Amino acid sequence: MGPNRIIPVCSAVIMDVDRYLLVQSGEEKYVGKWGLAGGKIDFGEIPSKAIEREVYEETGLLISNLGLFGIYCSMPLDDIWVVNHAYRCDFFGEDKKPDGREILKIGWFPYDDIVNMAKND
């Protein structure tokens, strides 16, 4: 039997010349972990609108020129299956200071640094 609950989420791949935007989580389960900006898609919400909302809430940035990067599914765990709609997008505006609760820090990292973070995680 398949998972009992599917959770749709979205994430943004945002690049500035040769660096990528990551946010550091303040959520209890993931405190201190770096990842893409994003979050849950609300019931009835269009995924592309959800990522616009999430990126703005977490970083203060506005995004445009969204292109679907991919749809990724987690392995079902505890009868939950996470389906991630990842978007490549451009940004404009200035990033803001995070709220210190959901997001602790916002950072721009070269690709090689992100690979090393993943290896050490």
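1. What pattern does the protein chain follow, read along the sequence? Going from start to end, the answer is β-β-β-β-α-β-β-β-α. That comes to seven strands and two helices in the chain. Please keep in mind as you look around that this is a predicted model.

2. Now the overall dimensions. Along the principal axes, the C-alpha atoms fill a box of roughly 45 × 35 × 25 Å. The radius of gyration of the protein chain is 14 Å, and this agrees with a compact globule, because a globule of 121 residues would come out near 14 Å.

3. Next, the contacts inside the chain. Take the contacts with a separation of 6 or more: 66% of them join residues that are 24 or more positions apart. When you follow the chain in the viewer, it is worth looking for partners that sit far along the sequence from each other.

4. On to the surface. Of the 121 residues, 31% count as buried. The protein chain exposes about 7,900 Å², and carbon and sulfur atoms supply 55% of that area. As for charge, there are 20 negative and 13 positive side chains, and the centres of these two sets lie 2 Å apart.

5. Let us stop at Cys73, which has its place in strand E5, residues 62-73. Is Cys73 buried, exposed or partly exposed? Its relative accessibility is 46%, so Cys73 counts as partly exposed, since that label covers values between the 20% and 50% cut-offs. Setting aside neighbours within four places in sequence, Cys73 is in contact with Trp81, Val82 and Val83. Compare that with Glu58: Cys73 and Glu58 are 15 residues apart in sequence, and their C-alpha atoms are 23 Å apart in space.

6. Strand E5 also holds Asn65, and here the backbone deserves a look. Most residues other than glycine have a negative phi. Asn65 is not a glycine, yet it has a positive phi of about 55 degrees. With a relative accessible area of 59%, Asn65 is exposed.

7. Which residue has a phi near 65 degrees? That is Asp79, another residue other than glycine with a positive value. You will find Asp79 in the loop between E5 and strand E6, which spans 80-92. Its relative accessible area is 42%, so Asp79 is partly exposed.

8. A suggestion for your own tour: begin at Asn65 in strand E5, go on to Cys73 in that strand, and then step into the loop that holds Asp79. Along the way, check the positive phi of Asn65 and that of Asp79.

How values were computed:
Residues numbered from 1 in each chain as written. Predicted model: local features only at pLDDT ≥ 70, side-chain atom pairs only at ≥ 80, totals over all residues. Heavy atoms only, no water. Helix = DSSP H or I, 4+ residues; strand = E, 2+ residues; numbered from the N terminus. Rg over C-alpha atoms; globule rule 2.2 N^0.38 Å. Buried < 20%, exposed > 50% of the residue type's maximum accessible area, 1.4 Å probe, protein only. Contact = heavy atoms within 4.5 Å. Areas by Shrake-Rupley, 256 points an atom, 1.4 Å probe, with all protein chains shown as cover. Lys, Arg positive; Asp, Glu negative; His and termini not counted. Charge placed at Lys NZ, Arg CZ, Asp CG, Glu CD.
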